[in-house]
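Work through the exercises below with the coordinates open. Each task is followed by a solution in steps.

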Amino acid sequence: MQNEARSEYIEVAKNVKLHITDQGSGKTIVLIHGWPLSDAMYEYQELIQKGFRVIGISLRGFGKSDKPYGDYNYDVYAKDIDAVLNKLDLHHVTLGGYSMGGAISIHYTAVYNKGRVTKLALFGAAGPSWTQKPGYPYGFQMKR
């Protein structure tokens, strides 16, 4: 089992590099952080010791990743994740997201998956609500 870190930067758009921490070997787990954290939030998990390859991505605007001028939204973040998975040629990964990272992971899976993600793990995910609720008049009405 390989335990040494493979920290690097991956260019996802012109003049935009994301910080990636890539450790371990085995089945791949890609982790997306929540607001306002970075991939460093996953530093002390034990997945590497359990035989997994763990890749933490710091989204643009966070941690050691570039902070370019422009849009910062789920579409941009999902496109960035797609660029990382493409450049690392990753397939059959478990994609995990915490808080805002969970919502971004859902968005990535819905828009870009292309068979790259086989499992989706959400930790306290801030996923979107599709139905109306008291104080939230948006979305679909529940039939009663």
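The exercises treat a predicted model and deal with its nonpolar cores and with helix 1.

**Exercise 1.** Identify which residues of the largest nonpolar core touch the most other members, and which elements supply the core.

Solution. The largest nonpolar core has 24 residues, and Val 30, Ile 57 and Leu 59 touch the most other members. Two or more residues each come from strand 1 (8-13), strand 2 (16-23), strand 3 (28-32), strand 4 (53-57), helix 1 (74-87), strand 5 (93-98) and helix 2 (100-111). Helix 1 gives the largest share, 6 residues.

**Exercise 2.** List the contacts of Ile 57, leaving aside neighbours within four places in sequence.

Solution. Ile 57 is in contact with Leu 18, His 19, Ile 20, Val 30, Leu 31, Ile 32, His 33, Asp 39 and Val 84. One of these, Leu 31, is included in a second, separate core of 5 residues, along with Ile 29, Tyr 42 and Ile 48.

**Exercise 3.** Check the length of helix 1 against its expected span.

Solution. Helix 1 has 14 residues; at 1.5 Å a residue it should span 20 Å. The end C-alpha atoms are 20 Å apart, so the two values agree.

**Exercise 4.** Describe the buried residues of helix 1, what covers them, and the ends of the helix.

Solution. Val 76, Tyr 77, Ala 78, Asp 80, Ile 81, Asp 82, Ala 83, Val 84 and Leu 85 are buried. Their cover includes strand 1, strand 2, strand 3, strand 4 and helix 2. At the N-terminal end, Asn 73 acts as a cap, with a side-chain oxygen 3.0 Å from the backbone nitrogen of Asp 75. Just after helix 1, Asp 89 has a positive phi of about 50 degrees.

Terms used:
Residues numbered from 1 in each chain as written. Predicted model: local features only at pLDDT ≥ 70, side-chain atom pairs only at ≥ 80, totals over all residues. Heavy atoms only, no water. Core = buried A, V, L, I, M, F, W, Y, C linked by side-chain atoms within 4.5 Å. Buried < 20%, exposed > 50% of the residue type's maximum accessible area, 1.4 Å probe, protein only. Helix = DSSP H or I, 4+ residues; strand = E, 2+ residues; numbered from the N terminus. Contact = heavy atoms within 4.5 Å. Expected span 1.5 Å × (residues − 1). Polar contact = N/O pair within 3.5 Å; in protein donor to acceptor, adjacent residues only side chain to side chain.
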